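Please open the model in your viewer and keep the selection panel at hand, as each stop below begins with something to select.

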Amino acid sequence: MGTSAALTGLADRIGPVTGSAATAVGFLLGAIIGSFLAATLIRWPQGRSVIRGRSRCDHCGRSLSLVELVPILSWLVQRGKCRKCGAAIDPRHLAIELGGAVIAVTAILAHPLPLALFTALLGWWLFLLAALDVEYQWLPDRLTLPLVPAGLAAAAIGIGPGLADRLIGAAAGFASLAAIGFLYRRIRGRDGLGGGDPKLFAAIGAWLGWAQLPIVLLGAGLIGLAVLTLRRLRGGKVAATDRLPLGALMALAAWPIWLLIAR
């Protein structure tokens, strides 16, 4: 029996979790993961530990109680403000927690176990990378590089596209964007791509396989065009030198494709 079949059998023995129960469990788990992702997004670029130390108010430094750390609910109950000093809580906490919950619920509704676990994992991973790229134009190697073996490991146990397709996808993803970045630098005399973009594209190829890479780039381009169009409609200026976070655009395009192709 293959590993994927064994995991499926284990899920069947534990019992099916369907309907509203699955939605509730997924929402809760996703919100908890989202809370960790929000802490990572805010603390990591500041050089602060994500794991060590108790959570504190960013303004008065007071340690937060367990009640104040309940994802989403505590933010709503406190109306987005610290209970002691009244300072506004960073709205990114609520946004990322909600995003994490939506990813989990979507994964459960789209795929059965154990595939839903891999779908949620990929979604959370890409979500954090996209947020870091939008906020700081940063795609850290400590997140992009491990995503490659994670995708290959999923293939090895029969989750999603085959291993050969993913190996080719990882190599082609890195080589294609690295080549584009090199040519752009030689022709224009400045960087057009960040150093993390080819590594993220390699990771996407390791999950989706080589055949989906052009679709990911097309989707990223369409999302970027929509962003610029919306900016223009809202009265903002759009210049030829404006830079968009390609990593975030690729992440946003890649996860829906995984939802459609993963079996």
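Begin by selecting Q137, the residue that follows α5 in this predicted model and that has a positive phi, near 50°. Q137 is a residue other than glycine, and its place is in the loop between α5 and α6. Because its relative accessibility is 61%, over the 50% that marks an exposed residue, Q137 counts as exposed.

From there, step back into α5 itself, which covers residues 115-136. The 22 residues of this helix should span 32 Å at 1.5 Å a residue, and the end C-alpha atoms of α5 are indeed 32 Å apart, so the expected and modelled lengths agree. Colouring α5 by relative accessibility will show a helix that is mostly covered, with 16 of its 22 residues buried.

Within α5, select G123. At 3% relative accessibility, G123 falls under the 20% limit and therefore counts as buried. If residues up to four places away in sequence are set aside, G123 touches I103 and W255. A distance label is also worth placing here: the C-alpha atoms of G123 and A254 are separated by 9.2 Å, although these two residues lie 131 residues apart along the chain.

Before moving to the other end of α5, consider the loop between α4 and α5, where P114 is found. Select L113 together with P114, and display the backbone: the peptide bond that joins them is cis, with omega at about 0°.

Next, turn to the interior. Which residues touch the most other members of the largest nonpolar core? Among the 52 residues of that core, they are L147, W207, V216 and W258. Several helices contribute to this core, and α2 (19-43), α4 (91-110), α5, α6 (141-156), α7 (163-188), α8 (197-208), α9 (213-233) and α10 (246-261) each supply at least two of its residues. The largest share comes from α5, with 12 residues. As background, nonpolar side chains in soluble globular proteins tend to be buried together.

Keep W258 selected and show its surroundings. Leaving aside neighbours within four places in sequence, W258 is in contact with H111, L115, T119, L122, I159, G160, P161, R166, W207 and L208. Two of these partners, W207 and L208, are also listed among the buried residues of α8, which makes that helix a natural next selection.

In α8, 12 residues reach 16 Å from the first C-alpha to the last, close to the 16 Å expected at 1.5 Å a residue. This helix is mostly covered, since 11 of its 12 residues are buried; besides W207 and L208, the buried set includes D197, P198, L200, F201 and I204. To see what covers these buried residues, bring up the neighbouring elements, which include α5, α6, α7, α9 and α10. Just after α8 comes G209, whose phi is positive, near 90°.

Now leave the core for the loop between α2 and α3, where I72 is found. Although I72 is not a glycine, its phi is positive, at about 65°. Is I72 buried or exposed? It is buried, because its relative accessible area of 9% is under 20%.

V70 is found in this loop between α2 and α3 as well. With a relative accessible area of 34%, V70 lies between the 20% and 50% limits and so is partly exposed. Select V70 with L73 and V77 and draw the surface: these residues make a nonpolar patch of about 260 Å².

To finish, clear the selection and view the whole chain, which has 10 helices and zero strands. Of its 263 residues, 41% are buried. The chain exposes about 14500 Å², of which carbon and sulfur atoms supply 67%. A contact map is a useful companion to this last view: among contacts with a separation of 6 or more, residues 24 or more positions apart account for 68%.

Technical notes: Residues are numbered from 1 along each chain as its sequence is written. This is a predicted model: local features need pLDDT of at least 70, side-chain atom pairs count only at pLDDT 80 or more; totals for chains, interfaces and linings use all residues. Side-chain values use heavy atoms; hydrogens and water are left out. Helices (H or I, at least four residues) and strands (E, at least two) are DSSP runs, numbered from the N terminus. Buried means under 20% relative accessible area, exposed over 50%, partly exposed in between (1.4 Å probe, protein chains only). Contact means heavy atoms within 4.5 Å. A nonpolar core is a set of buried Ala, Val, Leu, Ile, Met, Phe, Trp, Tyr and Cys residues joined through side-chain atoms within 4.5 Å. The expected span of a helix is 1.5 Å times one less than its number of residues. Patches are made of residues with over 30% relative accessible area and no salt bridge: like charges are joined within 9 Å, nonpolar side chains (Val, Leu, Ile, Met, Phe, Trp, Tyr) within 5 Å. Accessible areas come from the Shrake-Rupley method with a 1.4 Å probe; for residues, only the protein chains shown count as cover. A salt bridge is a side-chain nitrogen of Lys or Arg within 4 Å of a carboxyl oxygen of Asp or Glu.
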